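Here is a walk through a model, with a few spots picked out to look at. Have the structure open while you read.

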Amino acid sequence: MTPSADHFLVVSAILFTLGTVGVLTRRDPLVVFMSIELMLNSVNLTFVTFSHYLSSPDGQIFVFIIMTVAAAEVVVGLALIVSIFQTRQRIDVDELDEMRG
Amino acid sequence: MSVLAAATIHVRVGASDWGAVGPELILGATVLVLLLVDAFVPRRVREVSTWISLIALVAAFLDVYFLWSHGDSNALYGQITSDKFAIFFDGVIIVSAVLAVLLSESYIVSSSFDPGEYYALLLASAVGMMLMAAGNSLMILFLALELLSLSLYILAGFERSSPRSQESGFKYFLLSSFASAFLIYGMALIYGATGSTQLVAIGHCLHGSGCPANVTENPLLLVGIGLMVVGFAFKISAVPFHMWTPDVYEGAPTPITAFMSVTTKAAVFAAFVRVFNFSLNAAHSHWFPLLWGVAVATMIFGNLFALAQSNMKRMLAYSGVAHGGYILVALLANSPAGATAVVFYFLAYAFMNIGAFMLVSILESNGQVGDDISSYRGLWQRNPFLAGCTTVFLFSLAGIPPFAGFFAKYLALAAIVQAGHTELAIIAVLTSLISVYYYLRVVVVMVLQPGEVQAQETRMSGMAEMAVTASVAGTIGLGIIPTGFYNLATQSVDALRTAFGI
Amino acid sequence: MQQLVWAVLFLPLAGFAINSLGTRMNDRLVQWLGPGSVGLAFICAVVCFLWLQGRAEGVRSVDQLGWTWTVAGTFSLNFGLILDPLSSLMTLVITGVGFLILVYATGYMGGDTGYRRFFAQMDLFIFTMLLLVLADNYLFLLVGWAGVGLTSYLLIGFYLDRPSAAAAARKALVMNVIGDVGIMIALFMMFVLFGGVEFHTVFSQVRSLPYNGQIITVLSLMLLVGAVAKSAQLPLYTWLPDAMEGPTPVSALIHAATMVTAGVYLVARSYPIYQQTPIGLHTVAFVGAIGTAFAAGMGLANNDIKRVLAYSTMSQIAYMFVGVGVAVYSAGMFHLVEHAFFKALLFMGAGAVMHALHDELDIRKMGGLRHKLPFTWVTFWIGVLAIIGFPFMSGFFSKEDVIGAAYSRAYNGDGWLWIVWALTVVTSLLTAAYMFRLLFLVFHGEPRDRELYDHAHEPGLSMRAPMAVLSVLSIVGGFLAFPGRYNKIEDWLRPYFQQFAVNGPPLKTQPFYLTSMVVTLAATAVGFLIAYSVYIRSSPSRERVAAMFPAVYRFLLNRYYVDQLYDMMFVRPVKWGSKMMGRYVEQDALDFTVDGAGRLTRLAAQTSRAVQTGYVRNYALGIVLGAVLLVGYYFVGGR
């Protein structure tokens with residue numbers, strides 16, 4: 001059986017959901033961050049799927065842009081995590097609750 | 001196939017392409033210069049970067065002025081446009097950036113940052129915002145959104161020694177990337193349904209040229225629209241995607257809060273109008289109920305939560321949420337009048353909202369408590385100028401005539417009433433009544449409650465004074481003689497109508 | 001030349017801006033700037049007046065267009081100033097009397113820490129008041145209307161360290177906002193009915209509405225709600241006596257001479273509306289007539305020098321309401337002008353007394369001050385003679401104009417107005433009684449508090465000079481009209497009242513009725529005799545009078561228990577309800593609206609604390625829930 005567009009789309013939707021669940025449940029900022037990356041990559045899969053089945057290059061270009069942006073996000077995100085690590089011993093996203101209400 | 005094919009066969013990126021993104025290029029180049037300044041210029045003359053930023057912003061503004069009279073043009077195969085709509089927002093963003101730079105000067109002096117990095121990031125985010133307003137394809141919109149967000153994450157967490165600032169930056173980063181994932185997923189689905197990432201092409205497709213007949217009923221498109229609303233709604237802090245706003249605003253350096261509170265919203269709303277009112281105009285009946293619900297929730301909860309705040313920055317954050325609701329109402333009108341109202345609103349909002357944050361920032365630069373409302377007691381005695389101007393800003397935010405905010409709100413409500421949704425106008429008016437209470441409360445504290453007898457005087461740097469004066473002039477001027485600016489806003493929307501053929 | 005009207009409006013604003021925003025200001029500069037800007041505005045107002053006088057009667061109305069304010073949709077509004085006999089008269093009073101009071105204040109407020117704040121806010125008040133009378137449309141009239149309410153709120157609460165002042169300011173603001181809402185509703189009705197809110201648009205179409213119909217009556221009553229609240233008339237008057245918490249120059253300017261008379265101006269300005277609805281006119285007249293006697297009664301039993309004057313202000317404004325309510329608009333305006341003179345003078349006298357007695361307000365502790373304060377005593381006499389309508393003093397002519405107007409309308413067929421006339425005559429008896437009571441208790445007899453008396457001294461020149469000027473005006477100001485001979489005020493205002501064709505009672509020259517005048521004078525004389533026998537000759541003595549009618553005395557002393565009545569009817573139930581709801585009433589000084597606001601704040605705070613946990617995961621959950629709702633909408637019947 002050759003996989004159809006629907007299969008790819010369903011897989012990417014599942015990946016996206018997994019990423020979402022990861023963001024909601026994990027407490028380690030690094031893992032939360034990885035979950036977001038997972039969501040981005042599931043979108044990449046969607047784009048490539050459409051690009052292939054629509055014979056349109058736009059989707060692939062978009063994937064490159066997303067990958068670049070994701071790389072930049074990693075840089076900024078890790079920098080922020082490191083800078084927080086310097087002032088706190090443990091890192092737990094739930095500890096970042098000084099501001100609320 | 002078209003874009004890639006064209007690019008590989010004959011790449012023609014000429015002077016007119018660069019000209020169309022002139023303001024962005026000027027600021028982008030300045031970003032590089034500023035980084036070099038930090039690396040090579042001795043520490044004691046680093047104030048020079050303030051001046052470099054200001055000069056670059058003025059140059060960019062002049063270019064904007066030039067482009068306005070020059071007429072609309074497209075760049076990079078229609079990916080980016082410099083129509084009057086984009087240019088108008090460029091102007092708003094540059095003005096806000098100027099105000100933010102003027103305000104930052106004394107803040108930087110008092111907290112001994114490296115100014116070069118700070119201004120470079122500020123300008124980089126401004127470039128992102130301007131590109132967002134100019135983006136004519138989903139790709140550029142996403143890229144621009146990330147450019148502005150990445151810069152702002154760092155700026156929000158810029159005070160590395162302050163846990164609050166760190167928390168602010170990190171929260172903003174995590175949640176915003178999370179929301180971005182929804183946004184691009186939505187973009188991907190829309191691309192899948194319409195076969196294009198170009199906004200104009202999507203618009204034509206939905207109107208039935210070159211696409212299947214019932215494309216507006218395609219579930220891919222509908223879910224895509226829903227997810228894009230999530231992404232955009234997060235950025236404009238609409239309820240229930242607003243929860244990051246007060247925390248991030250509270251922790252970020254105040255000049256940055258002032259800047260981002262206006263400009264991020266302006267840039268995203270520019271894209272919002274372009275995408276929803278024009279590109280997705282044919283699917284109006286599908287996105288209208290979603291945004292209706294979001295707008296109503298935003299107006300109600302934004303104002304209610306603002307009522308509960310005793311911290312000025314949080315209060316203004318929620319008030320910003322509420323204003324996002326009023327602007328959504330204008331957007332919901334889905335008419336040229338509505339789009340014009342959005343455009344005008346941001347011009348007014350830039351002056352009055354940044355102005356309202358100025359008080360906090362100036363007090364902080366004085367080493368005083370800036371964001372606790374009860375610390376404003378007796379401000380009228382300590383610095384009547386500042387107290388008076390802040391009163392004007394708050395009145396304007398509350399929508400009291402004859403200030404800019406009244407007129408902006410009036411246009412938004414007039415547009416929605418014309419569009420036949422009086423219920424939204426009524427909700428907007430009722431919720432604004434709540435807002436009068438919390439704005440006025442600050443005024444009462446400043447003017448009517450006595451401060452400590454030996455309270456020190458609140459001083460302002462020359463630049464801060466300029467910023468306050470300019471904002472007050474804008475707030476009053478736009479309220480008293482709005483007609484000229486209203487006409488500019490109309491022209492900018494006309495440009496969009498021509499581009500999309502609506 | 002007519003462009004000078006912009007200078008009239010904006011000079012006080014400039015004074016405010018420089019006073020409040022300027023750096024390196026000292027008290028000396030403030031002292032010149034505050035009154036100076038208003039003085040210049042007065043000169044400009046005089047020039048405008050003379051220019052207007054030089055024009056033919058038919059063209060004595062100039063609309064100075066500023067700019068088109070709105071172009072959105074079908075609605076456009078020109079912001080402009082109207083320079084016509086009515087607005088010109090008002091600007092003269094506001095800037096003229098305002099200037100004198102500000103000069104007086106330079107002395108009176110000397111040494112106060114809020115010196116600069118005071119003059120800044122006074123200038124701002126004068127600007128908003130001028131905007132109110134100069135606006136050529138109801139929207140900007142409302143802006144000015146709300147503006148004077150706000151500045152009066154600021155100035156009543158001027159003494160920041162007095163909780164009673166803050167409470168009084170809050171009371172005034174709330175009552176004024178009720179009035180503002182009334183005008184807003186009227187504004188909205190005009191929009192719907194006439195498609196615009198410019199005076200010209202409204203007045204030229206008002207005759208198209210059914211005469212004495214429901215719509216026009218509601219419109220006129222909504223305007224009246226605003227007028228009543230601003231002018232402290234029944235039933236929204238209780239804020240005025242409390243407003244005396246403000247500095248005395250504020251009481252003189254805002255709560256006597258100008259702001260509180262804005263209601264009279266509003267009715268006079270809107271005469272084409274009122275002419276169309278006899279019910280509306282009658283309501284105005286009766287609110288006025290009942291108010292005259294009602295307020296005078298309270299003045300009779302009060303022991304606070306400023307509050308007595310506040311009640312007399314309310315009573316005199318009620319006379320003006322009678323004047324405009326019987327459709328003799330010029331009579332109401334005439335009394336407005338004269339009242340500005342003598343009431344400002346009386347307040348200045350009260351201020352001088354307070355100044356001399358270290359802010360003592362209780363008239364029972366005064367007495368015999370004529371030896372210590374001869375100048376103040378003489379000017380106070382002049383003020384009292386003017387207000388009771390002593391022949392050939394200013395109040396005589398203007399009050400005669402009003403009472404005569406009521407008489408004439410009643411005599412010529414409007415039978416209901418006999419009641420109005422009778423009430424105004426009775427009130428002239430009461431006026432004489434309570435004003436002489438005040439005068440005798442403060443200045444005559446023996447000093448009742450030796451220590452206060454010994455330290456008393458005359459005020460300085462900066463306070464005496466304005467008092468002297470106003471004394472002269474209170475004596476000669478009335479000769480603008482002479483009953484039955486000529487009436488300059490009526491002549492001056494006639495072009496305006498003939499500008500729009502109207503139905504309703506005829507607007508013809510006011511005749512003179514000897515009967516009415518004789519009866520009024522007799523009543524006044526009786527009032528004087530009562531005060532004289534009780535407070536000078538002490539036969540019967542004050543105690544005996546109080547004992548003769550104990551119930552009446554207590555009733556008056558407690559101001560008819562109206563405050564208590566309002567308390568029982570409105571305040572208590574709300575408070576009780578809130579208590580039942582879980583003691584949500586915040587004792588927070590910030591809560592100046594209603595208790596409900598406090599409750600809402602609490603609720604919002606609880607909700608926001610529950611939602612806004614500070615946890616990133618919860619925020620992310622919010623985003624996901626929102627996404628599920630939005631996307632789910634398409635799957636659950638949204639299509």
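Leaving aside neighbours within four places in sequence, which residues is Ala317(B) in contact with? Thr245(B), Pro246(B) and Tyr249(B) are the ones. Keep in mind that this is a predicted model. Ala317(B) itself sits in helix H14 of chain B, which runs over residues 312–332. It counts as buried because 25 C-beta neighbours fall inside 10 Å. Tyr439(B) is 122 residues from Ala317(B) in sequence, and their C-alpha atoms are 13 Å apart in space.

**Chain A helices**

Start with helix H1 of chain A, residues 5–25. Its 21 residues, at 1.5 Å each, should span 30 Å, and the end C-alpha atoms are indeed 30 Å apart, so the two agree. The buried residues of H1(A) are Ser12(A), Phe16(A), Gly19(A), Thr20(A) and Val23(A). They take up an arc of only 100 degrees around the axis, which means they are on the same side of H1(A). Turn to the other side of H1(A) and you find Asp6(A), His7(A), Val10(A), Ile14(A) and Thr25(A) exposed.

Next come helix H2 (residues 29–54) and helix H3 (residues 58–87) of chain A, which pack with their axes 8 Å apart at an angle of about 175 degrees. An angle over 145 degrees counts as roughly antiparallel, so that is how H2(A) and H3(A) run relative to each other. Residues making this contact include Phe33(A), Leu40(A) and Phe47(A) from H2(A), and Phe62(A), Ile66(A) and Ile81(A) from H3(A). By type, the residues of the contact split into 13 nonpolar, five polar and two charged.

**Where the chains meet**

How many residues of chain A are in contact with chain B? There are 33 of them, touching 35 residues of chain B. On the chain A side, H1, H2 and H3 each supply at least two residues, and H3(A) gives the most, with 15 residues.

Chain B also touches chain C, with 46 residues of chain B in contact with 39 residues of chain C. Several helices of chain B give two or more residues to this side, among them H8 (163–194), H13 (284–307) and H19 (422–448). H10(B) gives the most, with seven residues.

Here is how the residues on each of these two sides divide by type:

| Side | Nonpolar | Polar | Charged |
|---|---|---|---|
| Chain A, touching chain B | 22 residues | seven residues | four residues |
| Chain B, touching chain C | 38 residues | five residues | three residues |

**Backbone oddities**

Most residues other than glycine have a negative phi, and most peptide bonds are trans. A few places in this model go the other way.

One is the peptide bond joining Val239(B) and Pro240(B), which is cis, with omega about 5 degrees. Pro240(B) is in the loop between H10 and H11 of chain B.

Another is Asn334(B), with a positive phi near 50 degrees. You'll find Asn334(B) in the loop between H14 and helix H15 (336–365) of chain B. Is Asn334(B) buried or exposed? It counts as buried, because 24 C-beta neighbours lie inside 10 Å.

Over in chain C, Ala232(C) has a positive phi near 55 degrees. Ala232(C) lies in the loop between helix H8 (214–230) and helix H9 (239–242) of chain C. With 28 other C-beta atoms within 10 Å, Ala232(C) is buried too.

Terms used: Residues are numbered from 1 along each chain as its sequence is written. Chains are lettered from A and ligands numbered from 1 in the order in which they are written. This is a predicted model: local features need pLDDT of at least 70, side-chain atom pairs count only at pLDDT 80 or more; totals for chains, interfaces and linings use all residues. Helices (H or I, at least four residues) and strands (E, at least two) are DSSP runs, numbered from the N terminus. A residue is buried if 20 or more other C-beta atoms lie within 10 Å of its own, exposed if 12 or fewer, and partly exposed in between; C-beta atoms are placed from the backbone. Two residues are in contact if their C-beta atoms, placed from the backbone, lie within 7 Å. The expected span of a helix is 1.5 Å times one less than its number of residues. The arc is that of the directions from the helix axis to the C-beta atoms. Axes are lines fitted to C-alpha atoms, for helices over the stretch in contact, and angles run from 0 to 180 degrees between N-to-C directions. Angles under 35 degrees count as roughly parallel, over 145 as roughly antiparallel, 65 to 115 as roughly perpendicular and the rest as oblique. Ala, Val, Leu, Ile, Met, Phe, Trp, Tyr, Cys and Pro count as nonpolar, Asp, Glu, Lys and Arg as charged, and the others, Gly among them, as polar.
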